[in-house]
Amino acid sequence: MGRSKGGAWRTRFGFYVVAIGSACGLGNLWRFPYVLGENGGGAFVLLYVLIAFILGAPLLIGELVLGKSLRESVIPATKTLEKKSQLPLRWAGRFAVLMSIVVLSYYSVIAGWVIHFIVQFALGLFSTKESIADGLSVLMGSGGLQWALTSVHLLIVLVVVGKGVQEGLERWISSIMPLFAILVSVLVYRSLSLPSTPDVLRFLFYPDFSKLTLQSLIHAVGHVLFTLSVGFGTLVTFGSYMRDEDHAPTAGFRVAVVDTLVSLGVGLLVFPIAFQASNTPLTDPGLLFEVLPKFLLEIPGGVIFGLVFFISLYLAALNASIGLFEAIVANFKSIGGRQQSRAAASWQAGGLVLILSLFPSLSSTVFRNWRGGLIENIDSFLVNWLLPISALGLLYAIIKGMGFKSLEENFVDRERPVSEVMFSHWVLLVKWVVPAIILTGLVLQVIGLFL
Ligand code: PHE
């Protein structure tokens with residue numbers, strides 16, 4: 001079904017719901033606040049928004065166009081391109097899927113933490129604040145509990161993805177997204193009523209360029225790629241399910257807009273609390289899980305706020321994990337050149353991710369003394385080094401493998417004159433601007449290592 005001509009989504013919105021659901025995840029709610037904190041606020045927000053549109057959106061569109069034109073996921077698609085062009089391109093697809101597997105393995109551990117927080121806050125409705133605090137502290141001391149929660153999360157993801165594109169992904173995410181949107185809006189409203197709001201607005205929207213460092217450019221690039229789910233091949237799979245009549249570039253651009261708005265909205269939700277609690281922004285990946293609960297346990301209504309917050313965080317993590325897992329499964333279905341069933345591919349991929357997730361599950365116990373934390377290190381190495389390289393590799397495969405002539409045929413829709421203008425801008429960006437930004441970011445990052 002997934003490969004059928006004409007696409008696999010049930011409704012016109014199927015693509016949007018799943019692509020937006022997969023983009024808006026822990027990247028927006030957990031990662032964005034601390035990356036922004038680390039890089040000093042306002043100036044980084046500007047850089048982030050700029051990079052999202054001149055680099056993230058064009059790459060996102062490139063992956064969608066590749067998937068839609070070949071109707072294949074990234075590994076078979078890059079293989080096809082390699083055969084056609086006689087250039088070594090298939091490594092780009094394999095590398096992207098490998099990245100997805102590694103990301104899902106620590107993403108699921110964090111999703112497992114969120115499940116624990118939901119349970120503790122829910123129990124907290126009926127108990128004292130001290131007992132919630134005790135309950136929360138149990139988690140970091142038990143690698144076994146973290147791994148068990150990770151497997152619960154993976155099992156939920158596996159069940160949804162096992163049901164298929166329409167009955168699983170589309171149906172589930174369509175019901176989750178509106179709930180997520182409502183919950184987050186309520187929380188933003190409540191957060192903005194905290195007295196720290198003026199400081200937060202100054203921090204987020206008043207750019208102080210002296211706060212940027214040599215690493216800031218690549219941090220912005222990496223985060224944009226991560227939050228838009230670019231460089232993992234996920235969007236190639238989603239593109240392969242698109243309907244013929246849908247215009248991939250327009251759809252891709254819209255996904256980038258929505259995801260960026262959600263990130264900025266989440267800044268308005270998380271930072272007032274962080275500022276109120278400790279007078280500083282979050283600058284460390286673990287802080288969201290420390291500062292926020294501690295503060296919430298002190299304010300009136302905080303337990304309910306916490307419960308709703310962690311439920312929203314979980315819904316976001318779930319949608320994103322479903323998207324990631326679907327793409328891994330779609331690639332596994334054709335592994336080694338033979339076709340296998342969705343169920344078999346799901347179990348293989350799920351088993352592999354579960355085994356890998358053992359390491360990040362032990363980050364706060366066995367690997368406690370790792371410099372800066374295991375999860376933090378995997379995350380920053382993957383997002384700031386490997387992901388930009390993966391995105392560049394995919395872009396190279398798309399441009400060299402398809403060629404601009406065939407890209408134009410797949411990009412330009414004669415009934416939409418604007419698509420011709422879009423195409424000329426897109427070519428300019430992917431040919432020059434995107435590679436230049438990524439390479440400059442990587443070079444500055446290397447220089448930063450020696451200073
Ligand atoms: N974009 C997701 C987030 O921001 C992460 C993700 C990456 C999801 C790759 C799917 C594919 O959390």
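**Reading the ligand site and the fold**

User: Which atom of the ligand is 3.0 Å from an N or O atom in the side chain of S229?

Analyst: A polar contact with a ligand is read as a pair of N or O atoms within 3.5 Å. Here, the S229 side chain places an N or O atom 3.0 Å from a nitrogen atom of the ligand. Backbone atoms also take part: a polar one of A23 is 3.0 Å from a ligand oxygen, and an N or O of G27 lies 2.7 Å from an oxygen atom of the ligand. Taken alone, the ligand exposes 320 Å², of which the protein buries 100% (Shrake-Rupley method, 1.4 Å probe). This is a predicted model, in which local features need pLDDT of at least 70 and side-chain atom pairs pLDDT 80 or more, whereas totals for chains, interfaces and linings use all residues. Residues are numbered from 1 along each chain, and side-chain values use heavy atoms, without hydrogens and water.

User: Where does the ligand sit?

Analyst: The ligand occupies the largest cavity. A cavity is a set of points on a 1 Å grid over the protein atoms alone where a 1.4 Å probe fits but cannot get out; sitting there requires more than half of the molecule's atoms within 2 Å of its grid points.

User: Which residues come nearest to the ligand, and what classes make up its shell?

Analyst: Among the 14 residues around the ligand (a heavy atom within 4 Å), A23, G27, Y107, F226 and S229 come nearest. The shell has seven nonpolar, seven polar and no charged residues, with Gly counted as polar.

User: Which helix gives the largest share of the shell?

Analyst: Helices are DSSP runs (H or I, at least four residues), and strands are E runs of at least two. The largest share, three residues, comes from α2. Helices α1 (14–23), α2 (26–38), α10 (216–227) and α14 (302–332) each supply at least two. The chain has 18 helices and zero strands.

How values were computed:
A polar contact is a pair of N or O atoms within 3.5 Å; within protein, one must be able to donate a hydrogen and the other to accept it, and residues adjacent in sequence count only if both atoms are side-chain atoms. On a 1 Å grid over the protein atoms alone, a cavity is a set of points where a 1.4 Å probe fits but cannot get out, and a pocket is an open set with protein on both sides within 12 Å along at least five of seven lines; lining residues have an atom within 4 Å of a point.
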